[in-house]
Amino acid sequence: QFLLNIGLYYALPGYYPAAGTAAPWHERVLRLLGNHYILSFGMYWMHRSLHVVPWLWEHFHSYHHWARHPLSRNTYQDHWLDNFANAVVGHCWAQILCPLDRGSFWFSHIFRIFESLEKHS
């Protein structure tokens with residue numbers, strides 16, 4: 001994911017919001033909600049396909065489900081392509097379709113990390 005982020009930084013000017021004046025709070029909240037809706041929609045369908053398409057399950061996603069019980073420590077123990085595809089389908093498209101300002105962008109990323117850890121605990 002680190003290389004993906006570096007590539008996005010150079011390939012898509014404006015993907016990472018610059019420091020500057022923030023929009024009014026109500027616009028920031030609406031953008032954050034829209035961004036998370038797009039992100040969740042993409043990640044849901046990506047994750048569903050990893051479970052229902054036998055080839056994707058066998059070669060990519062089954063690594064993530066090695067533990068008998070979900071644990072926060074195995075949240076990110078998965079195939080690199082699984083994690084990469086989730087990043088592209090989730091965060092990348094959400095930021096392109098509904099861009100966030102700098103503060104909301106980093107809040108969104110940190111929130112999603114905590115949300116993933118909580119789901120797998």
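**Helix α2 and its partners**

The buried residues of helix α2 pack against three other helices: α3, α4 (80–97) and α5. In this predicted model, those buried positions of α2 are Leu-32, Asn-35, His-36, Leu-39, Gly-42, Met-46 and Leu-50. The rest of the text starts from the overall fold and then follows α2 to its neighbours.

The protein contains 5 helices and 0 strands, and the elements follow one another from the N terminus as α-α-α-α-α. Of its 121 residues, 31% are buried. When contacts between residues at least 6 apart in sequence are taken, 69% of them join residues at least 24 apart.

Helix α2 covers residues 25–52. Its 28 residues span 40 Å from the first C-alpha to the last, which is close to the 40 Å expected at 1.5 Å a residue. Ahead of α2, in the loop that follows α1 (2–11), sits Thr-21. Thr-21 counts as exposed because its relative accessibility is 83%, and the cut-off for that class is over 50%. Thr-21 and Arg-102 are 81 residues apart along the chain, yet their C-alpha atoms are separated by 9.5 Å. Arg-102 is where helix α5 (residues 102–119) begins.

Two packed helices are described by the angle between their axes and the distance between the axes. For α2 and α4, the angle is about 155 degrees and the axes are 8 Å apart. The pair is therefore roughly antiparallel, a term that applies to angles over 145 degrees. The crossing of α2 and α4 is right-handed. On the α2 side the contact is made by Asn-35, Ile-38, Leu-39, Gly-42, Met-43, Met-46 and Leu-50. On the α4 side it is made by Asp-82, Ala-85, Asn-86, Val-89, Gly-90, His-91, Trp-93, Ala-94, Gln-95 and Leu-97. By class, the residues of this contact divide into 10 nonpolar, 6 polar and 1 charged.

The pairing of α2 with α5 has another geometry. The axes of these two helices come within 11 Å and cross at roughly 40 degrees. That angle makes α2 oblique to α5, since angles count as roughly parallel under 35 degrees. The crossing of α2 with α5 is right-handed. From α2, the residues Arg-28, Leu-32, Asn-35, His-36, Leu-39, Ser-40 and Met-43 take part. They meet Gly-103, Ser-104, Phe-107, Ser-108, Phe-111 and Arg-112 of α5. This contact has 5 nonpolar, 6 polar and 2 charged residues. Asn-35, Leu-39 and Met-43 of α2 appear in the contact with α5 and also in the contact with α4.

The remaining partner is helix α3, residues 54–59, which holds Trp-57. Trp-57 counts as partly exposed because its relative accessibility is 30%, and that class lies between the 20% and 50% limits. Leaving aside residues up to four places away in sequence, Trp-57 touches Leu-50, His-51, Ser-62 and His-65. Of these, Leu-50 is a buried residue of α2 and also belongs to the contact of α2 with α4. Trp-57 and Asp-82 lie 25 residues apart in sequence and 10.0 Å apart in space, C-alpha to C-alpha. Asp-82 is one of the α4 residues in the contact with α2.

Note on methods
Residues numbered from 1 in each chain as written. Predicted model: local features only at pLDDT ≥ 70, side-chain atom pairs only at ≥ 80, totals over all residues. Heavy atoms only, no water. Helix = DSSP H or I, 4+ residues; strand = E, 2+ residues; numbered from the N terminus. Buried < 20%, exposed > 50% of the residue type's maximum accessible area, 1.4 Å probe, protein only. Contact = heavy atoms within 4.5 Å. Axes fitted to C-alpha atoms, helices over the stretch in contact; angles between N-to-C directions. Parallel < 35°, antiparallel > 145°, perpendicular 65-115°, else oblique. Left-handed = near helix turned anticlockwise from the far one by under 90°. Nonpolar A, V, L, I, M, F, W, Y, C, P; charged D, E, K, R; others polar. Expected span 1.5 Å × (residues − 1).
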